[in-house]
Amino acid sequence: MLDWTDRHCRIFHRWLSPHAWLYSEMVTTGALIHGDAARYLDFSTDEHPVALQLAGSDPADLALCAKLGEQWGYAEINLNCGCPSERVQRGAFGACLMAEPALVADCLKAMQDVVSVPVSVKHRIGIDTIEDYSFVRDFVGYQHHIGCRVFIVHTRNAILKGLTPKENREIPPLRYEVASQLKADFPDSEIIINGGIETVEAVRQHWQAVDGVMIGREAYHRPELLFDLEQCLQDPLANIIPLQQCPEAAIELRERMVVYLANWVNQGNYAGAVTRHWLGLHRGQKGSRLWRQIFSDHKKLAQLTDETSVRRFFGEGDDCLRV
């Protein structure tokens with residue numbers, strides 16, 4: 001979710017689901033050590049709980065960044081061993097690290113030694129043509145041995161050469177049963193399943209076998225799914241009431257969006273940095289296409305400078321949903 005789940009995205013998702021566990025976009029250790037750390041780490045306390053996802057393969061660098069993350073207030077530090085991008089591989093991190101479980105264990109141990117918050121790992125179930133369960137079992141076993149107890153399992157293999165990151169999310173088959181087997185083999189660990197999960201019904205099914213479900217792009221493109229899942233968090237058997245049928249919740253969300261955007265543009269910032277994360281709202285409803293056009297119109301966005309202009313702008317969005 002690089003360049004997707006920034007702080008503007010996360011605060012929006014938090015409004016839709018007060019109890020979901022949110023994750024930052026993947027941040028490289030080099031960006032934090034040699035770049036503008038505040039740019040990547042700053043977030044609102046209203047987003048809590050938030051986990052910081054790091055990418056790297058040097059234990060000392062990861063320890064330093066983990067410590068920064070804890071100091072900034074993150075509730076968990078996560079090491080990404082699942083990204084299959086060739087650009088990421090050139091940096092010697094991401095899914096290619098699954099071939100070096102001992103190194104990953106050293107990295108996780110170095111982070112655990114300097115922070116008091118949980119340290120977790122996100123990984124695939126195999127790389128390239130390796131599909132034997134023993135591969136991922138042994139990888140998890142290494143990390144379990146040094147005390148890691150939270151595993152986010154993207155239940156596809158990562159094809160390191162020949163597939164784009166998008167194709168890696170679609171072509172390798174999903175094998176959810178691998179996550180279930182990991183839970184059986186490591187019962188004291190928290191196993192969170194990821195990959196291709198798009199509905200409340202699917203989440204409910206997975207909850208029967210593992211401890212949690214991570215949803216990425218579906219929640220981004222269809223954010224109201226988070227509103228639905230929040231109802232499940234309160235009552236797993238609840239009858240889901242869509243956001244558009246909850247007028248009080250919809251009005252509260254709209255007002256939060258108005259105030260947040262007004263505060264942002266009042267500081268001289270460009271509105272599109274915020275509104276780009278709102279384009280999926282109302283997806284599938286009448287007028288949603290026009291909503292997306294309005295909320296991505298660069299000329300209109302450049303004219304937003306205060307709360308009055310923001311409220312007028314939102315009025316156009318409301319009107320398109322009434323047609």
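**Helix 10**

I began with helix 10, residues 200-207 of this predicted model, and looked up which of its residues are buried: I found Val200, Ala202, Val203 and His206. I then checked how these four are placed around the axis, and because they cover an arc of only 160°, I put them on the same side of helix 10. On the other side of helix 10 I noted Glu201 and Gln205, both exposed. What do the buried residues of helix 10 pack against? I listed helix 9 (176-185) and helix 12 (224-234), together with strand 9 (190-194) and strand 10 (212-214).

**Helix 12**

From helix 10 I went on to one of its partners, helix 12, which I found to be mostly covered, with nine of its 11 residues buried. The buried set that I wrote down runs Glu224, Leu225, Leu226, Phe227, Asp228, Leu229, Glu230, Gln231 and Cys232. I looked for what these buried residues pack against, and besides helix 10 I found helix 1 (7-16), helix 11 (217-221) and helix 13 (247-266).

**Met257 and Cys9**

I next picked a residue in helix 13, namely Met257, and asked whether it is buried or exposed. With a relative accessible area of 2%, Met257 is buried, since the cut-off for that class is under 20%. Leaving aside neighbours within four places in sequence, I recorded contacts of Met257 with Phe12, Trp15, Trp278, Leu281, Trp291 and Phe314. I also looked up the separation between the C-alpha atoms of Met257 and Ile11, which is 9.8 Å, although the two residues are 246 residues apart along the chain.

In helix 1 I looked at Cys9, which counts as buried at 0% relative accessibility. Not counting residues up to four places away in sequence, Cys9 touches Trp4, Tyr220 and His277. For Cys9 and Glu47, which are 38 residues apart along the chain, I noted a C-alpha separation of 9.9 Å.

**Nonpolar cores**

I then turned to the nonpolar cores, of which the largest has 58 residues. Those with the most contacts inside this core are Leu54, Ile77, Leu79, Cys81, Leu108, Met111 and Leu182. A second, separate core has 29 residues, including Ala219, Val258, Phe295 and Phe313. Going back to Leu54, I asked which residues it is in contact with once its neighbours within four places in sequence are left aside. My list for Leu54 reads Val27, Leu32, Leu62, Cys65, Ala66, Ile77, Asn78, Leu79, Asn80 and Met111.

**Helices 4 and 6**

Two of the Leu54 contacts, Leu62 and Met111, led me to the pairing of helix 4 with helix 6, where both residues appear again. The axes of helix 4 (residues 59-72) and helix 6 (residues 101-112) come within 8 Å and cross at roughly 35°, and I noted the crossing as right-handed. On the helix 4 side I listed Pro59, Leu62, Ala63 and Ala66, which meet Leu103, Asp106, Cys107, Ala110 and Met111 of helix 6. Sorted by class, the residues of this contact are eight nonpolar, no polar and one charged.

**Loops and backbone geometry**

I finished with the loops, starting from Leu163, which is found between strand 8 (157-158) and helix 8 (165-168). At 18% relative accessibility, Leu163 counts as buried, because the limit for that class is under 20%. Away from neighbours within four places in sequence, Leu163 is in contact with Asn168, Ile171 and Pro172. Its C-alpha atom is separated by 8.6 Å from that of Ser85, 78 residues apart along the chain.

The peptide bond from His48 to Pro49 I recorded as cis, with omega near -5°, and Pro49 is found in the loop between helix 3 (37-41) and strand 3 (50-55).

I also looked up two residues with positive phi that are not glycine, Asp128 and His282. For Asp128, phi is about 55°, and this residue lies in the loop between strand 6 (126-127) and helix 7 (133-145), where it counts as partly exposed at 31% relative accessibility. For His282, phi is near 75°, and its place is in the loop between helix 14 (272-275) and helix 15 (288-295). His282 is buried, with a relative accessible area of 14%.

Key:
Residues numbered from 1 in each chain as written. Predicted model: local features only at pLDDT ≥ 70, side-chain atom pairs only at ≥ 80, totals over all residues. Heavy atoms only, no water. Core = buried A, V, L, I, M, F, W, Y, C linked by side-chain atoms within 4.5 Å. Buried < 20%, exposed > 50% of the residue type's maximum accessible area, 1.4 Å probe, protein only. Contact = heavy atoms within 4.5 Å. Axes fitted to C-alpha atoms, helices over the stretch in contact; angles between N-to-C directions. Helix = DSSP H or I, 4+ residues; strand = E, 2+ residues; numbered from the N terminus. Left-handed = near helix turned anticlockwise from the far one by under 90°. Nonpolar A, V, L, I, M, F, W, Y, C, P; charged D, E, K, R; others polar. Arc of directions from axis to C-beta.
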